[in-house]
Amino acid sequence: MQNFYQAPTTAPQASGQIWQHKKSVVLDLMSKQAFLPKKCYKCNESGRERTKRFIWIPAWCYLFLLGGILLLLIPYLIFKKEVWVHYTVCQKHRTRHLINVTAAWLSFIGFFVAAAFELPILTLLLVVSMLVFLVLSMRALGIQKVKGDRVWINGTSPEFRQGLPPYQG
Ligand SMILES: [Zn+2]
């Protein structure tokens, strides 16, 4: 039986270089694919391999937002980079991330409900909780920069980056 999940993992993983640079992991893209070491990106334990698709655009593109969301479409379409990150996460950190994301959404919805019922203290509490969980959930994997065929990935722990050679520009 053909296993469709087999394809990305059989790509030449070992051939690409990998470094650490400040708080990022730097690696070479192989046809838009980035392969992180097969250890949980938070605790370095073993876990399940996953793939996530990211779209990245240079930060200056967001200046176009000043002209309205539609104007952002132009640099977005020209400069966007697609990166498929293959990473590993253990059950504990997977669950923790899902809780953070869910809690952020629930606080967001709850905020509107509390505001509609004119409950000022609850409204304020939900704003705080929304911000806290939003910040927590943003500590997950993300693309910091794409330059040529090289990608800077943030959100990993110092334990995970330990042992990787330093990046020399
Ligand atoms: Zn973990």
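This is a short tour of a predicted model, with suggestions for what to select at each stop.

**The whole chain**

Start with everything in view. Seven strands and five helices make up the protein. If you colour by secondary structure and follow the chain from the N terminus, the elements come in the order α-β-β-β-β-α-β-α-α-β-β-α. Along the principal axes, the C-alpha atoms fill a box of roughly 60 × 40 × 40 Å. The protein has 169 residues, and 15% of them count as buried. Now think about how the chain meets itself: among contacts between residues at least 6 apart in sequence, 68% join residues at least 24 apart.

**First stop: the loop after β1**

Select Lys22, in the loop between β1 (18-21) and β2 (24-28). Lys22 is not a glycine, yet its phi is positive, at about 50°. Is Lys22 buried or exposed? It counts as exposed, because 11 C-beta neighbours lie inside 10 Å, and the limit for exposed is 12 or fewer.

**Second stop: the loop between β2 and β3**

Move along to Ser31, which sits in the loop between β2 and β3 (33-40). Here again a residue other than glycine has a positive phi, this time near 45°. Ser31 has 7 C-beta neighbours inside 10 Å and so counts as exposed.

Next, add Lys32, found in the loop between β2 and β3 too. With 15 C-beta neighbours inside 10 Å, Lys32 counts as partly exposed. Which residues does Lys32 touch, not counting those up to four places away in sequence? Show Glu82, Val83 and Trp84 to see them. You can also draw a distance from Lys32 to Lys81: these two are 49 residues apart along the chain, and their C-alpha atoms are separated by 8.4 Å.

**Third stop: helices α3 and α4**

Select residues 91-116 for α3 and residues 120-137 for α4. Look at α3 by itself to begin with. Its 26 residues reach 37 Å from the first C-alpha to the last, close to the 38 Å expected at 1.5 Å a residue. After α3 comes Glu118, with a positive phi near 55°.

Now bring α4 back. Two packed helices are described by the angle between their axes and the distance between the axes. For α3 and α4, the axes come within 8 Å and cross at roughly 155°. That angle makes α3 roughly antiparallel to α4, because angles over 145 degrees count that way. The crossing of the two helices is left-handed.

To see where they meet, show side chains on both helices. On the α3 side, pick out residues including His97, Asn100, Val101, Phe108 and Phe111. On the α4 side, the partners include Leu122, Leu126, Met130, Phe133 and Leu134. How many of the residues in this contact are nonpolar, polar or charged? The contact of α3 with α4 has 14 nonpolar residues, seven polar and no charged ones.

**Last stop: Gly142 in β6**

Finish by selecting Gly142, in strand β6 (residues 142-147). Gly142 has 15 other C-beta atoms within 10 Å, so it is partly exposed. Leaving aside neighbours within four places in sequence, Gly142 is in contact with Asn154 and Gly155. For a final distance, join Gly142 to Lys52: the two are 90 residues apart in sequence, and 9.7 Å apart in space from C-alpha to C-alpha.

Definitions and conventions. Residues numbered from 1 in each chain as written. Predicted model: local features only at pLDDT ≥ 70, side-chain atom pairs only at ≥ 80, totals over all residues. Axes fitted to C-alpha atoms, helices over the stretch in contact; angles between N-to-C directions. Helix = DSSP H or I, 4+ residues; strand = E, 2+ residues; numbered from the N terminus. Parallel < 35°, antiparallel > 145°, perpendicular 65-115°, else oblique. Left-handed = near helix turned anticlockwise from the far one by under 90°. Contact = placed C-beta atoms within 7 Å. Nonpolar A, V, L, I, M, F, W, Y, C, P; charged D, E, K, R; others polar. Expected span 1.5 Å × (residues − 1). Buried ≥ 20, exposed ≤ 12 C-beta atoms within 10 Å, placed from the backbone.
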